[in-house]
Amino acid sequence: MPDTASLNSVESPLQNLVAMGGPVMYVLITLAVLGLLTFFYLTVTGALFAPRSHGRVRREVAQWKQSGSHPPASSGSLFARCNPMLALSRRAMAGVNSGEPSDNLRENLALGAQKALQPFEAPLKIIEVIAALAPLLGLLGTVMGMMEAFSAMATTEGRASASQLSGGIYEALTTTAAGLVIAIPFAAIAAWAEFRLRRLNSQMNEQLLDILNAGTITAPAEARQEPARQDNRAVETRESRQPARVAHAAG
(Lines give C-alpha, C1' and ligand atoms only; values in the text may rest on other atoms or scores of the structure.)
Protein backbone atom coordinates (compact mmCIF):
# COMPACT_ATOMS: atom_id res chain seq x y z
CA MET A 1 0.00 0.00 0.00
CA PRO A 2 2.77 2.58 0.71
CA ASP A 3 4.30 1.87 -2.70
CA THR A 4 0.96 2.42 -4.40
CA ALA A 5 0.43 5.69 -2.55
CA SER A 6 3.90 6.96 -3.43
CA LEU A 7 3.36 6.01 -7.09
CA ASN A 8 0.11 7.88 -7.17
CA SER A 9 1.76 10.90 -5.59
CA VAL A 10 4.45 10.88 -8.31
CA GLU A 11 1.98 10.56 -11.15
CA SER A 12 -0.55 13.04 -9.78
CA PRO A 13 1.22 16.25 -10.92
CA LEU A 14 1.38 15.02 -14.52
CA GLN A 15 -2.18 13.84 -14.40
CA ASN A 16 -3.31 17.14 -12.92
CA LEU A 17 -1.41 19.05 -15.59
CA VAL A 18 -3.05 17.05 -18.37
CA ALA A 19 -6.44 17.44 -16.72
CA MET A 20 -5.99 21.20 -16.56
CA GLY A 21 -4.74 21.63 -20.12
CA GLY A 22 -6.52 18.93 -22.03
CA PRO A 23 -5.08 16.62 -24.71
CA VAL A 24 -2.78 19.32 -26.12
CA MET A 25 -0.69 19.02 -22.96
CA TYR A 26 0.45 15.55 -24.06
CA VAL A 27 2.04 17.05 -27.16
CA LEU A 28 3.56 19.94 -25.21
CA ILE A 29 5.09 17.61 -22.63
CA THR A 30 6.50 15.42 -25.42
CA LEU A 31 8.06 18.46 -27.05
CA ALA A 32 9.55 19.56 -23.74
CA VAL A 33 11.15 16.15 -23.12
CA LEU A 34 12.45 15.99 -26.70
CA GLY A 35 13.90 19.47 -26.38
CA LEU A 36 15.68 18.64 -23.12
CA LEU A 37 17.19 15.48 -24.61
CA THR A 38 18.33 17.42 -27.67
CA PHE A 39 19.87 20.12 -25.50
CA PHE A 40 21.82 17.55 -23.46
CA TYR A 41 22.98 15.87 -26.68
CA LEU A 42 24.07 19.21 -28.08
CA THR A 43 25.96 20.04 -24.89
CA VAL A 44 27.81 16.70 -24.74
CA THR A 45 28.59 16.72 -28.47
CA GLY A 46 29.86 20.27 -28.24
CA ALA A 47 32.12 19.42 -25.30
CA LEU A 48 33.67 16.46 -27.15
CA PHE A 49 33.60 17.23 -30.88
CA ALA A 50 33.42 21.02 -31.22
CA PRO A 51 36.30 22.48 -33.29
CA ARG A 52 38.44 24.50 -30.89
CA SER A 53 41.72 26.34 -31.37
CA HIS A 54 43.14 25.24 -28.05
CA GLY A 55 46.76 25.12 -26.92
CA ARG A 56 47.77 21.97 -28.83
CA VAL A 57 46.60 23.35 -32.17
CA ARG A 58 48.39 26.64 -31.59
CA ARG A 59 51.60 24.90 -30.53
CA GLU A 60 51.64 22.69 -33.61
CA VAL A 61 50.99 25.63 -35.93
CA ALA A 62 53.74 27.65 -34.26
CA GLN A 63 56.14 24.71 -34.57
CA TRP A 64 55.23 24.29 -38.23
CA LYS A 65 55.87 27.97 -38.93
CA GLN A 66 59.35 27.65 -37.41
CA SER A 67 60.49 24.24 -38.65
CA GLY A 68 58.05 23.38 -41.44
CA SER A 69 57.21 19.98 -39.90
CA HIS A 70 53.94 18.86 -38.37
CA PRO A 71 52.95 15.75 -36.36
CA PRO A 72 51.17 12.85 -38.13
CA ALA A 73 47.39 12.72 -38.09
CA SER A 74 47.30 9.77 -35.67
CA SER A 75 49.38 11.43 -32.94
CA GLY A 76 47.97 12.99 -29.80
CA SER A 77 45.52 11.90 -27.14
CA LEU A 78 42.04 10.61 -27.86
CA PHE A 79 40.44 13.83 -26.63
CA ALA A 80 42.73 15.86 -28.90
CA ARG A 81 41.96 13.69 -31.93
CA CYS A 82 38.23 14.27 -31.34
CA ASN A 83 38.82 17.96 -32.08
CA PRO A 84 38.19 18.53 -35.83
CA MET A 85 40.27 21.73 -35.70
CA LEU A 86 43.42 19.69 -35.07
CA ALA A 87 42.80 17.46 -38.10
CA LEU A 88 41.96 20.45 -40.32
CA SER A 89 45.09 22.31 -39.23
CA ARG A 90 47.28 19.29 -39.98
CA ARG A 91 45.55 18.87 -43.34
CA ALA A 92 46.23 22.51 -44.19
CA MET A 93 49.89 22.27 -43.14
CA ALA A 94 50.37 19.04 -45.08
CA GLY A 95 48.79 20.61 -48.18
CA VAL A 96 51.05 23.65 -47.97
CA ASN A 97 54.15 21.49 -47.48
CA SER A 98 53.29 19.22 -50.41
CA GLY A 99 52.64 22.17 -52.74
CA GLU A 100 48.96 21.37 -53.29
CA PRO A 101 47.19 23.93 -55.49
CA SER A 102 45.66 26.72 -53.46
CA ASP A 103 42.16 26.37 -54.94
CA ASN A 104 41.98 22.63 -54.29
CA LEU A 105 43.34 23.04 -50.77
CA ARG A 106 40.84 25.77 -49.91
CA GLU A 107 37.96 23.72 -51.29
CA ASN A 108 38.98 20.64 -49.32
CA LEU A 109 39.36 22.66 -46.13
CA ALA A 110 35.96 24.29 -46.66
CA LEU A 111 34.35 20.85 -47.03
CA GLY A 112 36.14 19.66 -43.90
CA ALA A 113 34.97 22.68 -41.92
CA GLN A 114 31.41 22.11 -43.11
CA LYS A 115 31.53 18.46 -42.01
CA ALA A 116 32.91 19.51 -38.62
CA LEU A 117 29.81 21.63 -37.96
CA GLN A 118 27.23 19.20 -39.36
CA PRO A 119 26.68 17.29 -36.07
CA PHE A 120 25.42 20.52 -34.49
CA GLU A 121 23.04 21.63 -37.24
CA ALA A 122 20.36 18.96 -36.73
CA PRO A 123 20.00 19.49 -32.93
CA LEU A 124 19.86 23.24 -33.49
CA LYS A 125 17.09 22.83 -36.04
CA ILE A 126 15.10 20.59 -33.66
CA ILE A 127 15.34 23.16 -30.87
CA GLU A 128 14.28 25.94 -33.25
CA VAL A 129 11.25 23.90 -34.39
CA ILE A 130 10.24 23.22 -30.78
CA ALA A 131 10.53 26.92 -29.92
CA ALA A 132 8.30 27.75 -32.91
CA LEU A 133 5.72 24.99 -32.40
CA ALA A 134 5.14 25.38 -28.65
CA PRO A 135 3.29 28.74 -28.84
CA LEU A 136 1.19 27.47 -31.75
CA LEU A 137 0.20 24.39 -29.78
CA GLY A 138 -0.62 26.63 -26.83
CA LEU A 139 -2.81 28.69 -29.14
CA LEU A 140 -4.50 25.51 -30.35
CA GLY A 141 -5.24 24.57 -26.74
CA THR A 142 -6.63 28.03 -26.18
CA VAL A 143 -8.99 27.68 -29.12
CA MET A 144 -10.11 24.25 -27.95
CA GLY A 145 -10.73 25.56 -24.44
CA MET A 146 -12.79 28.50 -25.69
CA MET A 147 -14.74 26.16 -27.95
CA GLU A 148 -15.56 24.05 -24.89
CA ALA A 149 -16.68 27.15 -23.00
CA PHE A 150 -18.92 28.36 -25.83
CA SER A 151 -20.24 24.82 -26.26
CA ALA A 152 -21.36 24.89 -22.63
CA MET A 153 -23.12 28.20 -23.29
CA ALA A 154 -24.80 26.77 -26.37
CA THR A 155 -26.15 23.73 -24.58
CA THR A 156 -27.62 25.89 -21.83
CA GLU A 157 -28.94 28.45 -24.31
CA GLY A 158 -26.84 31.24 -22.86
CA ARG A 159 -27.71 30.50 -19.25
CA ALA A 160 -24.42 28.75 -18.39
CA SER A 161 -23.13 29.28 -14.91
CA ALA A 162 -19.64 30.48 -14.04
CA SER A 163 -18.59 26.98 -13.04
CA GLN A 164 -19.59 25.63 -16.46
CA LEU A 165 -17.59 28.30 -18.28
CA SER A 166 -14.57 28.20 -16.03
CA GLY A 167 -13.50 24.73 -17.18
CA GLY A 168 -12.96 25.73 -20.81
CA ILE A 169 -11.41 29.08 -19.95
CA TYR A 170 -9.06 27.44 -17.46
CA GLU A 171 -7.98 24.91 -20.08
CA ALA A 172 -7.40 27.71 -22.58
CA LEU A 173 -5.22 29.73 -20.23
CA THR A 174 -3.28 26.65 -19.06
CA THR A 175 -2.26 25.56 -22.56
CA THR A 176 -1.26 29.13 -23.47
CA ALA A 177 0.94 29.41 -20.41
CA ALA A 178 2.47 25.96 -21.00
CA GLY A 179 3.28 26.79 -24.61
CA LEU A 180 5.02 30.01 -23.61
CA VAL A 181 6.92 28.34 -20.75
CA ILE A 182 8.32 25.80 -23.22
CA ALA A 183 8.95 28.22 -26.08
CA ILE A 184 10.82 30.98 -24.22
CA PRO A 185 13.76 28.93 -22.85
CA PHE A 186 14.16 26.92 -26.05
CA ALA A 187 14.18 30.10 -28.12
CA ALA A 188 17.00 31.38 -25.90
CA ILE A 189 18.87 28.06 -26.26
CA ALA A 190 18.49 28.17 -30.04
CA ALA A 191 19.87 31.72 -30.17
CA TRP A 192 22.82 30.72 -27.97
CA ALA A 193 23.56 27.61 -30.05
CA GLU A 194 23.42 29.58 -33.30
CA PHE A 195 25.80 32.21 -31.89
CA ARG A 196 28.12 29.43 -30.74
CA LEU A 197 28.15 27.83 -34.19
CA ARG A 198 28.95 31.13 -35.87
CA ARG A 199 31.80 31.70 -33.42
CA LEU A 200 33.22 28.23 -34.05
CA ASN A 201 33.00 28.80 -37.80
CA SER A 202 34.78 32.13 -37.45
CA GLN A 203 37.54 30.56 -35.34
CA MET A 204 38.06 27.79 -37.89
CA ASN A 205 38.28 30.27 -40.74
CA GLU A 206 40.80 32.42 -38.89
CA GLN A 207 42.98 29.43 -37.99
CA LEU A 208 42.98 27.94 -41.49
CA LEU A 209 43.55 31.29 -43.17
CA ASP A 210 46.49 31.89 -40.86
CA ILE A 211 48.07 28.62 -42.03
CA LEU A 212 47.36 29.34 -45.71
CA ASN A 213 48.72 32.87 -45.44
CA ALA A 214 51.85 31.58 -43.73
CA GLY A 215 52.30 29.17 -46.63
CA THR A 216 51.93 31.93 -49.23
CA ILE A 217 54.45 34.10 -47.37
CA THR A 218 57.12 31.41 -47.33
CA ALA A 219 56.46 30.37 -50.92
CA PRO A 220 57.95 33.50 -52.61
CA ALA A 221 61.16 33.14 -50.62
CA GLU A 222 61.53 29.57 -51.84
CA ALA A 223 60.66 30.72 -55.36
CA ARG A 224 63.49 33.28 -55.19
CA GLN A 225 65.92 30.67 -53.97
CA GLU A 226 65.05 28.22 -56.75
CA PRO A 227 66.49 30.33 -59.65
CA ALA A 228 69.67 30.79 -57.63
CA ARG A 229 69.95 27.03 -57.27
CA GLN A 230 69.37 26.62 -61.03
CA ASP A 231 72.10 29.18 -61.79
CA ASN A 232 74.52 27.39 -59.50
CA ARG A 233 73.77 24.08 -61.17
CA ALA A 234 74.29 25.66 -64.60
CA VAL A 235 77.67 27.05 -63.56
CA GLU A 236 78.71 23.69 -62.17
CA THR A 237 77.66 22.02 -65.43
CA ARG A 238 79.70 24.45 -67.56
CA GLU A 239 82.75 24.01 -65.37
CA SER A 240 82.47 20.23 -65.56
CA ARG A 241 82.43 20.43 -69.37
CA GLN A 242 85.65 22.51 -69.55
CA PRO A 243 88.95 20.58 -69.92
CA ALA A 244 90.94 20.09 -66.81
CA ARG A 245 93.62 22.70 -66.27
CA VAL A 246 97.24 21.61 -65.83
CA ALA A 247 99.21 23.56 -63.30
CA HIS A 248 102.60 24.83 -64.51
CA ALA A 249 105.41 24.91 -62.05
CA ALA A 250 107.37 28.09 -62.01
CA GLY A 251 111.07 27.90 -62.75
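1. Gly 145 lies in helix 6; helices here are DSSP runs of H or I with at least four residues, strands are E runs of at least two, and both are numbered from the N terminus. At 0% relative accessibility, Gly 145 counts as buried, where buried means under 20% relative accessible area, exposed over 50% and partly exposed in between, with a 1.4 Å probe and protein chains only. Its C-alpha atom is separated by 8.4 Å from that of Gly 21, although the two residues are 124 apart along the chain.

2. The model is a predicted one, in which local features need pLDDT of at least 70, side-chain atom pairs count only at pLDDT 80 or more, and totals for chains, interfaces and linings use all residues. Residues are numbered from 1 along each chain as its sequence is written, and side-chain values use heavy atoms, with hydrogens and water left out.

3. As to the overall fold, the protein chain has seven helices and zero strands. Of its 251 residues, 30% count as buried. Among contacts with a separation of 6 or more, 77% join residues 24 or more positions apart; contact means heavy atoms within 4.5 Å.

4. Gly 22 is placed in the loop between helix 1 (2-21) and helix 2. With a relative accessible area of 12%, Gly 22 is buried. In sequence, Gly 22 and Thr 174 are 152 residues apart, while their C-alpha atoms are 8.9 Å apart in space.

5. The UniProt record, an unreviewed entry, lists residues 24-50, 126-147 and 167-193 under "transmembrane region"; UniProt positions are given in the numbering used here, feature names are shortened, and annotations may be inferred rather than shown by experiment. In the model, residues 24-50 are 96% helix and 0% strand, with end C-alpha atoms 37 Å apart. Residues 126-147 are 100% helix and 0% strand, and here the end C-alpha atoms lie 31 Å apart.

6. The largest nonpolar core holds 41 residues, of which Leu 28, Leu 88, Leu 109, Ile 182, Phe 186 and Met 204 touch the most other members. Such a core is a set of buried Ala, Val, Leu, Ile, Met, Phe, Trp, Tyr and Cys residues joined through side-chain atoms within 4.5 Å. Two or more residues come from each of helix 2 (24-49), helix 3, helix 5, helix 6 (102-155) and helix 7 (162-241). Helix 7 gives the most, with 14 residues. Beyond its neighbours within four places in sequence, Ile 182 is in contact with Leu 28, Ala 32, Ile 130 and Ala 134.

7. Helix 3 (residues 55-67) and helix 5 (residues 84-97) pack at an angle of about 10 degrees, their axes being 10 Å apart. Axes are lines fitted to C-alpha atoms, for helices over the stretch in contact, and angles run from 0 to 180 degrees between N-to-C directions. Helix 3 is therefore roughly parallel to helix 5, a term for angles under 35 degrees (over 145 is roughly antiparallel, 65 to 115 roughly perpendicular, the rest oblique). The contact involves Arg 56, Val 57, Glu 60, Val 61 and Trp 64 of helix 3 and, from helix 5, Met 85, Leu 86, Ser 89, Arg 90, Met 93, Val 96 and Asn 97. These residues divide into seven nonpolar, two polar and three charged (Ala, Val, Leu, Ile, Met, Phe, Trp, Tyr, Cys and Pro count as nonpolar, Asp, Glu, Lys and Arg as charged, and the others, Gly among them, as polar).

8. Val 61, in helix 3, is buried with a relative accessible area of 3%. Leaving aside neighbours within four places in sequence, Val 61 is in contact with Ser 89, Met 93, Gln 207, Asp 210 and Ile 211.
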